[in-house]
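Biologist: Got a minute to go through this one with me? I'd like to poke at a few spots.

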Amino acid sequence: MDENSNSITITKNDIIIGVAASLVLVLSAWTVDILTSNLQFGFSAIGKIHSNNPIHWYIDAVPVIISVIIYIYYKKRKQEVELFKEVIHQKDLDIDKNADFAKKIGEGQYDADFEIKDENDVLGKSLLRMRDNLLESHKREKERNWIAEGKDIISNILRIHNTIDDLAYDVIVKLIDYINIIQGALYIYNEEEKKLVNVATYAYNRKRFINQEFRIGEGLIGECAYEMDYIYRTEIPENYATITSGILGDKKPSSLLIVPLITDEKLQGVIEFADIKEKIPQLTIDFLRELAEIIARTIYNLKMNQKTERLLQESQQMTQELKENEEELRQNAEEMRATQDELEKSNKELEAQVKKVENAQNRMQALLENASEVISIYDENLTLKYQSPNVEKILGYTEEEMRGGKDMNRLTAKGEAALKEMFNKLKEDPTQPQTLQYTYIKKDGKKIYLETTGRNMLDDPAINGIILNSRNITERKRAEKEERMKSKMQSLSENSPDLILRMNTQGQFFYANPVSQDYLGLHPQELINTKIKDLNIEETLSGFFQDTIQKIKQQNNHLTKELTIPTANLGERIMNFKSIPEYNENELETVLFVGHDITEAKRIEMEIQDKNKKITESINYAQRIQSSILPDNKIIREYLPKSFIFYEPRDVVSGDFPWFILNEDIIFIAAVDCTGHGVPGALLSFIGYFQLNNIVDHNKNYTAAQVLDKLHYGVRSTLKQERFDAEARDGMDIALCRIDKKNNELQFAGAHRPLYLLRDGELIQYKGNRKAIGGIPHRKKPEKDFVNHVINIKKGDKIFFFTDGLPDQIGGPNKRKYTPKRIRENILENKDLTMQQFSSFFLDDYKKWKKNNKQIDDVLMIGIEF
């Protein structure tokens, strides 16, 4: 009641104030008008101003109007106050309820009941949303903690293992227990054999021994590896593996999860889980996908460690072999240096790519002029066809002076007969090279010794003759003679560079050659008849002599030991000591020590190892450069999903390469085979790659044949083969397709390479032109343009084109070529295979055919299904 009275009192005061204000207004209006009219205050004056100015009647009505308005407002205000009190009371109840709910949320009771009765209860709605958000955040945090805990558990296992088999088993066991799954298996990807091998299987708390292997694309395991993405299924094929337990018996799994192990976009393996529950939680799937990369990285590191260990063992074995072949290494050191220089030069040429190819002809001419060997080519009638330009530098005669049979006039009768006999042997057995040494009379009359190696290359279209490589071995002959003399002299120990000592079994010196002063710091006369312990000899060496004498007394065998010793005059040296027991009437009398200084050989050995490493690194870098320009299979499959590329380079770098380019809606794809392989072939591949790109970028409307025509003349121009003095016959073979999928049109043109079309179970062959890309033009015979074959594509058509590396590969039971016929027969006999299956089939068939035979050329095959 007090609150009501206060409210009403305030409202009445407002009425009084309002009425008073309105009366003041009326009195003010009267006063102003009376003063203005110069009247005396009184009722008469008031009546007069009302008659003179009727507006005063309106002003006089203002207090009445204000009083009425205030009264009406007062009544309405009183009703609003009552309503407001009810609202306030309800708000207090809502606030208490919201506060209680907020308290429960703060205490973590996210499942507390809460009902919103008032749609305008913004706070209640906000609390409800906050409760839901906190509940969801709590759930996500719990899931993250579960995933993090699982990662920590598996990471600890990964850190403690050094072998893949132990790691795989412990990881599978721990994962099955952690994610509550019945069965699991882990497969490791063998890159060399291109297959996945089961290394660990675990089910129902027991280790399983299952030998399973899958190739890429084979079964669900192979499909997961091929797609490089996880597979989750709840509909399992009838013939899939069953889960066996003592309680359940054999039971087919209800859910299956297969996750690839990938790191740096490389497949390392596959992990498989099966359960009898109908569904594997999404949280478990996400956890395994995140964990897969960690496992893959660890497997990759273990593989690298194993590979490094294997390479280290091979390196150690090579080191041992180098020790055993010390003399041969010394003789070949210069040749290795020359080889290393040439490989470094090749690497620089490769990095320079097309720019340096333009200077290849000039470089070749310079090499021939400055080569240490004279190159001669004879026809089958022993007539000289070609003579390298360095003949004048080495033999003193010009090229013209060697022709017309004059080359034989420079030989002695014995040398001429021996050379003709070598020719006869080469013709009888073309596969076996022949080597001959003979005397030769130079133009200045000086007699020299030549060593000539002949090879029968009459069947090689590039040579078409018998090629002779002749080098001046006069210095080598002189060195050999000196070496023979030196060997004889070395039998006399006094002149031997080796340290030669003879001691009796008590360590008393009987003999020491002069070099002992360099190594021991004592003159031979100071050593003879003196015991080791009485001399001031370096401790390592004296200990070695005494220990060796004791071992020989016990074993009666020759001993060999490598020892590093400080010397008096030569600094620290590495010595290879041979200790030889000497007997008198079967009784050990003395021990002969022969110490050979191998310090320089060790240094050369280390240099060779270092240079071999640099050469290998250079070639590998060249391979990375070439790989960077090759088309990505993923991009090709994006536009030609049913396709494959079977690519097996013979060397680290290759002369064969696949080529692919998309110009708007037109696809160009080709299999290119450059002359040679390895580094020379790779150089030519850059010319072909950039020429093809420039041609197609220039005009997408060129037909396949027009592209080859322009490539033909582009290669010829780049290699300067149109000049009259051109000798570089290098070029390339190619099978090129232009695919217009919008109009279902395929164009094909080939240089020495065909295209096979498999349609409705029949194989159709489209032959390429019988000419290569590039090469020296025939001066008297005009060239024909390449033929353009146009084929209307039908759904289900399959095409195949390839380089000559596959059909020319030697193998099989009779050591014969693979042949194009075998390729055609394989396609027809397996006509229902998919492109992926064709890829696996040709890879397997090629390996079975080749077996242990050497790969003779780069191999490239492309297949496309429309």
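Modeller: Sure, we'll go through the sheets, a helix, some single residues and the aromatic rings.

Modeller: Keep in mind that this is a predicted model.

Biologist: Fine. What is the strand order in the open sheet of five strands?

Modeller: The order is β11-β10-β14-β13-β12, with antiparallel pairing.

Biologist: And which strands stand at the edges?

Modeller: Those are β11 (384-387) and β12 (434-441). Each has a single partner strand, so one side of each has no neighbour in the sheet. On average, neighbouring strands here are turned by 25 degrees against each other, ignoring direction.

Biologist: Which helix packs on that sheet?

Modeller: Helix α14 (residues 413-428) does, and it touches β10 (373-378), β12, β13 and β14. The direction of α14 makes about 160 degrees with that of β12.

Biologist: How many bridges are there between β13 and β14?

Modeller: Eight, in the antiparallel sense, with β13 covering residues 447-457. M457 is opposite G465 of β14.

Biologist: While we're on β14, where is S470, and is S470 buried or exposed?

Modeller: S470 is in β14, which covers residues 465-472. Its relative accessibility is 10%, so S470 counts as buried.

Biologist: What does the side chain of S470 make a polar contact with?

Modeller: With the side chain of T452, at 2.8 Å. Leaving out residues up to four places away in sequence, S470 touches S372, E373, V374, Y438, E451 and T452.

Biologist: New topic: N513. Where is N513 found?

Modeller: In the loop between β16 (509-512) and α16 (516-520). The relative accessibility of N513 is 0%, so this residue counts as buried.

Biologist: Which backbone nitrogen lies 3.1 Å from a polar atom of the N513 side chain?

Modeller: That's the backbone nitrogen of I500.

Biologist: Okay, what about β17 and β18, how do they pair?

Modeller: β17 (residues 559-566) and β18 (residues 572-584) are antiparallel, with eight bridges. One of the bridge partnerships puts L563 with M575 in β18.

Biologist: Which residue in that hairpin takes a positive phi?

Modeller: G571, with phi near 75 degrees; the hairpin has five residues between the strands.

Biologist: And how many bridges join β18 to β19?

Modeller: There are 10, and the two strands run antiparallel, β19 being residues 587-597. F577 sits opposite G595 in β19. F577 also belongs to a cluster of rings, linked by ring pairs with F544, F545 and F593.

Biologist: Rings, good. How many aromatic pairs are there?

Modeller: The count comes to 21 aromatic pairs. Take F646 and Y846: the ring centres are 5.8 Å apart and the planes are at 70 degrees, so that pair is edge-to-face.

Biologist: Which elements does that pair link?

Modeller: F646 is in strand β20 (residues 643-648) and Y846 in helix α24 (residues 835-850), so the pair links distant parts of the chain, 200 residues apart. F646 counts as buried at 4% relative accessibility, and Y846 does at 3%.

Biologist: What about F838 and F842, stacked or edge-to-face?

Modeller: Stacked, at 6.2 Å centre to centre with 20 degrees between the planes. They are four residues apart in α24, so about one helical turn separates them. Both F838 and F842 are buried.

Biologist: Back towards the start of the chain: which residues of α2 are buried?

Modeller: A45, I49 and H50, in a helix that covers residues 43-52. They cover an arc of only 135 degrees around the axis, which puts them on the same side of α2. On the other side, F43, S44 and S51 are exposed.

Biologist: Last one: where is F786, and what does F786 touch?

Modeller: F786 is in the loop between β27 (773-774) and β28 (789-792). At 5% relative accessibility, F786 counts as buried. Not counting residues up to four places away in sequence, the contacts of F786 include A705, L708, D709, H712, G750 and K771. The C-alpha atoms of F786 and K771 are 8.8 Å apart, with their positions 15 residues apart along the chain.

Biologist: Great, thanks.

Terms used
Residues numbered from 1 in each chain as written. Predicted model: local features only at pLDDT ≥ 70, side-chain atom pairs only at ≥ 80, totals over all residues. Heavy atoms only, no water. Buried < 20%, exposed > 50% of the residue type's maximum accessible area, 1.4 Å probe, protein only. Polar contact = N/O pair within 3.5 Å; in protein donor to acceptor, adjacent residues only side chain to side chain. Contact = heavy atoms within 4.5 Å. Arc of directions from axis to C-beta. Pairing = 2+ DSSP bridges. Axes fitted to C-alpha atoms, helices over the stretch in contact; angles between N-to-C directions. Phe/Tyr/Trp six-rings, centres within 6.5 Å; stacked < 30°, edge-to-face > 60°.
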